[in-house]
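Trainee: I'd like to learn how to read a structure I've never seen before. Can we walk through it feature by feature?

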Amino acid sequence: MSWILASPIIIPFATAVLAFLFRAGPEGRWLSVIGSAALLIASIVLMVEVLDQGVIAAQMGEWAAPFGITLVADLLSAVMVVITGITGLAVAVYALADIDEKKEALGYHALFQVLLAGVCGAFLTGDIFNLYVWFEVMLIASFGLLILGGTKVQLDGGIKYVTLNLISTILFLSGVGLLYGMTGTLNMADLHGAVQRVDNPGLLVVVAVMFMIAFGVKAAVFPLFFWLPASYHTPAFAVSAIFAGLLTKVGVYALIRTFTLIFTTDVPYTHTILLWVAGFTMVTGVLGAAAMNDFRRILSFHIVSQIGYMILGLALFTPLAIVGAVFYLVHHIIVKANLFLVAGVAERIAGSTDLDRIGGLYRYAPFLGLLFLIPAFSLAGFPPLSGFWAKYVLIKASLDAEGYLIAGVALAVGLLTIYSMTKIWGNAFWKPHPDGVEPRLSRLPGKDRAAFLSPIAALAILTCIIGFFPEPFVQFAERSAAQLLDPTDYITAVLGEPVIAPVAAEPVATQPVSVELTSGEPVTPTREVQQ
Amino acid sequence: MNDQGHFLFLISLLPFLGAVIPGIMIRAGRNACASFTAVPTVLALILLMILAPDVLRGEVITAEVMWLPQLGLSVSFFLDGLGLMFAAMILGVGLLITLYARFYLSGDDPMGQFYTYLLMFQGAMLGIVISDNILLLLIFWELTSLSSFLLIGYWKHLPEGRQGARMALAVTGAGGLAMIGGMLILGHVAGSYKLTDILQAGEAIRASEWYLPALILILLGAFTKSAQFPFHFWLPHAMAAPTPVSAYLHSATMVKAGVFLMARMWPVLAGTDAWFYIVATTGLVTMVLGALIALFKDDLKALLAFSTVSHLGLLTMLLGFGTEAAAVAAVFHILNHLTFKAALFMTVGIVDHETHTRDISRLGGLRHLMPITFAIGTIAALSMAGIPLLNGFLSKEMMLEEASHTYWAGSTWAVPVLATLGALLSVAYSFRFIGHVFLGPVRDDYPHKPHDPPMGLWAAPALLTVLVVVIGVAPFLAEGIVTAAANAVTGADLHPHLKIWHGATPALWMSIIAVLGGGALLGLHKPFLSAWEAAPRPEAKAIFDRLLAAIIALSRGITEIAHNGAISRYLAVFVVTSVALGWIAYSGSALSAPTRGLLPVPAVIGIGWLMLIVASVAVVILHRDRFTSLVLIGIIGLTISAGFAYLSAPDLALTQISVETVTIMLLLLALHFLPKTTPVESSVLRRVRDGVIAVVAGGGVGALAYAFMLRDISTISQFHLDNSYEGGGGTNVVNVILVDFRGYDTYGEIIVLGIAGMVIYALVQTLLAGPVARKLRGGGAMSEVLREGLAVTHLSRDRHPLMMVVVTRVLMPIAIVVGAYIFLRGHNEPGGGFVAGLVVAIALLMQYMASGFAWTQARKRIEYHTLIGFGVIIAGLTGAGAWLSGTPFLTSAYTYVHLPPIEEFELATAMLFDLGVFLTVLGAVMLMLYSLSRIARHAGETVNVEAMDYDPADRVTERGAET
């Protein structure tokens with residue numbers, strides 16, 4: 001069990017070290033691709049295990065929870081790791097063409113792999129302080145990736161990025177300290193019970209707010225998202241793509257995890273804040289995008305806007321809403337990363353990302369146009385692409401919860417998203433190139449073309465698959481939401497059977513507890529015992 | 001599901017499957033491409049005809065498979081009379097358009113794409129009319145918007161096409177989104193998303209309090225799609241599309257989707273006052289307004305576009321009346337409008353194609369030059385005007401008949417008069433179409449010499465014109481389909497009789513007025529036109545554009561205010577938000593009584609505490625003098641270390657001191673290359689504001705911490721104390737926590753440190769390869785700053801003094817032994833790999849300081865990068881080694897070893913892990929130093945190759961630093 005849970009973290013770390021040692025040559029980039037593929041395989045193994053066994057947990061160093069650090073994977077964690085594997089592999093392949101040797105020599109691939117490890121670590125940890133560690137890992141690796149290349153805009157964006165994120169992690173750390181000061185534990189499953197016993201629930205909500213803000217900065221929600229539009233358009237496209245896909249989503253994941261597992265003591269207050277945050281995030285993000293005139297900047301602001309939808313799901317806090325949030329999370333990572341990848345190809349063949357300075361892509365690179373249309377219209381929520389289902393579920397959940405205003409906002413934001421996407425389409429694809437350039441894909445060297453287009457095509461196909469066959473995905477999201485809203489399985493997997501005297505538990509305790517509890521039919525034998 | 005059901009699936013799938021064909025077949029030539037495009041349409045049409053007899057008998061064919069049952073979505077289709085009529089229209093006209101487009105598109109146009117989009121649209125449109133699930137219907141609905149978008153922008157080099165496409169998508173997309181809301185409410189009220197279920201639940205829905213919101217939202221969807229006032233403006237701009245698209249999507253089928261939806265929902269939504277006043281009024285206004293604008297348009301396609309708007313208004317009005325007879329009229333007119341309007345669009349396409357203009361003012365007299373086109377166009381236009389013996393006359397009579405006895409808000413005359421006015425205007429523009437294009441003298445200034453086109457181009461409109469005449473003369477032929485469709489709409493069992501002569505009814509008189517008035521109006525066209533052009537009138541497109549511009553200006557404003565690039569503002573927002581939300585969360589809740597009191601404060605501690613505060617305040621006051629503030633920060637760090645030591649945390653104290661030392665050293669080095677003072681950038685007011693924010697936030701955190709310190713809690717730490725020796729093999733709990741209990745955290749943190757070293761290296765490396773390096777070498781403002789900075793440090797001419805060199809050399813082995821000692825004892829006493837790494841790093845740092853970078857660097861045997869790498873590998877392998885023994889990652893083991901000369905000692909795997917920590921720390925710190933030193937060399941600082949300035953061993957009296 002331990003290696004299944006640890007390998008999505010160990011594999012990228014090992015790859016990082018190897019890629020780091022071989023950074024001077026071409027081996028590094030292939031190591032990165034192989035490592036990412038291995039990560040994907042490991043993540044799928046993990047997913048199969050979780051689907052099969054239910055929530056699984058492993059205690060690092062064999063110290064029983066809550067005293068050591070627990071790795072735990074429920075369906076949400078598992079799917080996030082799988083998506084990390086998919087996006088990681090796609091971007092690693094893309095990087096073969098996108099990242100020049102100079103950046104490689106400075107350790108691009110190592111940083112990239114460390115970032116993946118940090119992301120997986122954050123998804124898999126069951127310990128709130130350990131989560132902080134992974135945030136640090138991600139922050140330092142992403143800062144490195146962001147400034148690699150060292151242009152003035154990159155440094156400017158990088159400084160803003162690192163300052164605001166550092167401050168937020170400090171807030172996070174203070175929150176962890178205070179939470180420990182109140183509950184005496186750091187294990188998230190243990191915290192679930194511990195917060196119920198806190199003497200000063202008022203102070204607990206204050207700490208909850210600290211976490212909300214710290215994660216809110218990470219997730220780039222209103223009014224804390226400034227760092228994102230300031231920095232995401234500056235680095236290499238591969239870097240933008242992985243950032244856009246994964247980084248903010250770690251923040252969203254952390255919000256979902258903590259505000260379903262730990263901070264549910266004052267839902268009316270905390271989740272109402274989240275609801276307002278969701279609305280404003282959606283609107284400000286999409287308005288920002290409407291004001292932009294650059295391929296990547298538009299996409300960056302749209303990340304913010306889309307984060308609002310996910311927060312909306314969490315804020316409504318109904319089963320269907322959580323389903324929507326989970327589905328949105330998964331769909332969005334694939335689509336958003338892909339759009340940035342397309343932007344990179346567009347820049348390479350048309351010469352810029354400034355919409356006034358490019359054009360003609362549809363005429364000369366219609367295949368790229370198709371590859372753009374799929375994620376773009378999915379993002380805008382056009383049926384039957386993945387984004388439609390995501391938005392649909394959330395809007396239905398809002399209406400069911402009688403949140404008519406927020407449902408209206410979500411719909412209107414969808415419209416403005418269409419507006420932005422057609423702005424990109426009209427200017428970059430339809431409009432003739434202002435300088436008469438013919439942006440053909442054939443201008444790329446054959447190897448680069450394959451490295452660029454195969455990940456984009458793969459992600460687009462995935463988007464279509466989710467779109468045309470949403471049923472298993474929705475079903476999965478439903479199961480995942482059920483786990484989130486009723487954390488019993490999670491807690492038993494981590495802490496073991498709650499109220500069993502040691503003697504009576506002996507025959508059970510010798511086996512892994514999680515297997516016993518989540519094998520799918522635990523109800524029948526219990527009922528027989530009761531009878 | 002029976003065979004017929006399978007047919008339905010096939011029908012809906014065929015266009016989509018066919019959509020891939022044109023892209024492939026275009027390589028085989030344009031004729032092949034067009035023929036293969038026709039295949040799926042023909043097949044679907046044949047299947048439909050097989051089903052038709054049953055449907056006409058009143059049967060409903062259904063088919064269903066589940067798609068997303070959790071959300072109430074299934075792929076379910078049903079075919080009733082209304083669906084059959086629309087499906088036949090879509091496929092039939094689709095076939096004609098395929099033929100027409102083959103001859104219409106020029107050689108430069110990518111025909112494969114065109115047909116692909118066309119088939120995609122056809123599939124989507126078919127889906128709308130046979131969907132039995134409102135969610136499925138929505139999906140197809142949005143798909144038609146999408147394919148329409150792609151088709152309008154087909155001629156992508158035209159800016160009007162691009163704008164028109166985006167506008168159409170924005171308007172219909174917005175409507176579609178509203179409709180999603182409406183459909184969700186409808187499904188919620190009816191308890192099912194199946195259309196057939198909803199159609200049964202009409203009364204419950206109309207009685208529901210959600211009826212009105214659902215109605216409005218659904219109508220928004222229908223009105224935007226069917227270009228009803230005030231959303232009509234997108235349709236004329238969609239005319240930038242190639243004419244086959246205009247004929248197919250924007251007159252015959254897609255724009256009727258809204259009308260179709262109203263007809264479909266008629267049994268559920270119609271019959272209320274709200275329905276009547278919203279739908280009928282909108283339709284009436286649209287009908288009159290559209291016709292009025294059409295009269296003054298010179299562009300033939302614009303004229304037809306507004307005429308389409310007008311006729312869609314007419315249909316909407318009829319459905320809005322809510323009576324069965326009106327519904328019959330609506331269904332009949334849908335059919336008739338399709339025939340004559342598609343024919344007219346194709347005629348305009350031909351005229352445009354042959355004369356290279358669609359401007360009425362440049363046309364006229366074409367009847368001699370293009371007799372076939374003239375015949376087709378005239379018959380169709382007369383039908384549009386409602387002249388007897390043509391089909392347009394029949395449905396228009398029925399409309400007028402219904403209008404004649406409809407009251408609007410108590411007024412008996414409003415509807416009849418306005419309906420007659422609409423009909424009159426319609427006659428006027430129809431006559432104008434004939435008169436100003438075909439009649440009149442032949443001109444000699446056509447942009448291109450016109451003549452009749454090849455048969456391929458005129459065959460399709462000709463066929464439609466034949467239908468116009470046939471239905472007009474023998475309306476009973478259409479009775480079957482109209483009856484089936486009308487019954488499907490109303491849910492009643494009607495037997496309408498379509499006939500030409502109804503006697504001298506009011507409708508006849510209204511018709512006569514319309515025709516005579518229309519003719520007269522056309523005679524007065526010139527004065528009316530100048531009046532029209534002089535009159536101020538709101539241009540919907542301009543309003544839309546202004547609205548859009550306003551939204552963008554607003555968002556730009558918001559975005560620019562919020563993202564002004566000032567990090568201080570971002571931080572202020574962040575802190576204020578945190579404090580405000582925290583305060584609101586706290587306010588109102590009570591605190592439990594403290595369980596701990598204040599400890600006694602000895603004088604020394606009190607002084608230390610005061611020092612801490614004074615130093616902190618001093619940093620704030622003196623922060624502009626960077627060197628001073630660095631010294632003050634050092635004081636703070638040391639005081640905190642002392643605090644740790646006092647509070648029985650020697651490990652923390654040790655770590656803090658070494659971290660402090662290394663940090664200050666590195667910062668000093670960095671400061672070497674930076675200005676020594678911070679300029680004043682913000683106003684007093686802003687500083688006061690920031691001060692207040694900072695004090696409140698800091699005070700808040702302090703108060704929180706204080707509140708916690710006053711209260712006891714039970715923690716997990718007792719377990720660590722209990723198990724440190726037994727389980728972790730060490731008596732130093734802090735170290736055991738770091739390398740064992742929470743070794744996993746430490747593993748992550750050393751990676752952070754390693755990466756930090758790497759990032760600094762990478763940053764400096766790229767900077768030095770870029771413009772910064774040039775600035776460093778000479779010229780530029782930066783260099784001035786640097787020289788100023790360097791001047792300060794050059795005050796001492798003795799850069800590598802003998803004394804210091806000797807002392808550091810002597811210290812080196814001692815420091816390394818101390819490091820080893822700290823490392824080894826770490827498991828049981830304060831110390832460990834982290835501190836040891838820092839101590840050794842300090843010893844090495846001092847060599848660099850004493851003898852200079854180049855000298856020391858030359859004696860380095862191992863790359864710092866590699867050191868980091870090995871550190872991480874060792875720590876990782878130690879952790880993974882546990883897997884070999886079947887235990888989880890990072891599980892430790894330890895044993896006691898006895899080697900003869902020394903006492904028995906312990907060996908733990910945790911120590912190996914700690915070695916990894918040690919190496920990483922050392923490597924990272926040294927890499928940071930290395931990076932900073934590189935800047936100095938680029939700045940042109942001199943480099944020494946000797947260990948010291950004056951080496952007595954050389955006996956050379958003067959040997960300074962050389963370059």
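Mentor: Sure, and keep in mind that this is a predicted model. Let's start with Asp651(B), which sits in helix H30 (residues 650–671) of chain B.

Trainee: Is Asp651(B) buried or exposed, and why?

Mentor: We go by relative accessibility, and under 20% means buried. Asp651(B) comes in at 7%, so it counts as buried.

Trainee: Which residues does Asp651(B) touch?

Mentor: Leaving aside residues up to four places away in sequence, Asp651(B) touches Asn732(B), Val734(B), Pro830(B) and Gly831(B).

Trainee: How do I read a whole helix, say H4 of chain B?

Mentor: Here's the general idea: an α-helix has 3.6 residues a turn, so residues three or four places apart point the same way. Helix H4 (residues 81–104) of chain B has 24 residues and spans 33 Å from first C-alpha to last, close to the 34 Å expected. H4(B) is also mostly covered, with 19 of its 24 residues buried.

Trainee: Now the backbone. What should catch my eye there?

Mentor: Most residues other than glycine have a negative phi, and most peptide bonds are trans. So look for exceptions. In chain A, Phe222(A) and Pro223(A) are joined by a cis peptide bond, with omega about -5 degrees. Pro223(A) is in the loop between helix H9 (201–219) and helix H10 (227–231). The bond from Pro383(A) to Pro384(A) is cis too, omega being near -5 degrees, and Pro384(A) lies in the loop between helix H16 (366–379) and helix H17 (386–400).

Trainee: Which residue in the loop between H17 and helix H18 (404–430) of chain A should I look at?

Mentor: Try Glu402(A), which is placed there. Its phi is near 60 degrees, a positive value in a non-glycine residue. Glu402(A) is exposed, because its relative accessible area is 59% and the cut-off is over 50%. Over in chain B, Leu389(B) has a positive phi near 75 degrees, in the loop between helix H19 (371–385) and helix H20 (391–404).

Trainee: And how do the two chains meet?

Mentor: Start with area and residues. Chain B and chain A bury about 10,000 Å² between them, 78% of it on carbon and sulfur atoms. The contact takes 106 residues from chain B and 120 from chain A.

Trainee: How many salt bridges are there between chain B and chain A?

Mentor: One. Arg742(B) pairs with Asp127(A), their closest N and O atoms being 2.5 Å apart. On chain B's side of the contact, helix H34 (residues 743–769) gives the largest share, 17 residues.

Key
Residues are numbered from 1 along each chain as its sequence is written. Chains are lettered from A and ligands numbered from 1 in the order in which they are written. This is a predicted model: local features need pLDDT of at least 70, side-chain atom pairs count only at pLDDT 80 or more; totals for chains, interfaces and linings use all residues. Side-chain values use heavy atoms; hydrogens and water are left out. Contact means heavy atoms within 4.5 Å. Buried area is the accessible area (1.4 Å probe) that two parts lose on being put together, summed over both. A salt bridge is a side-chain nitrogen of Lys or Arg within 4 Å of a carboxyl oxygen of Asp or Glu. Helices (H or I, at least four residues) and strands (E, at least two) are DSSP runs, numbered from the N terminus. The expected span of a helix is 1.5 Å times one less than its number of residues. Buried means under 20% relative accessible area, exposed over 50%, partly exposed in between (1.4 Å probe, protein chains only).
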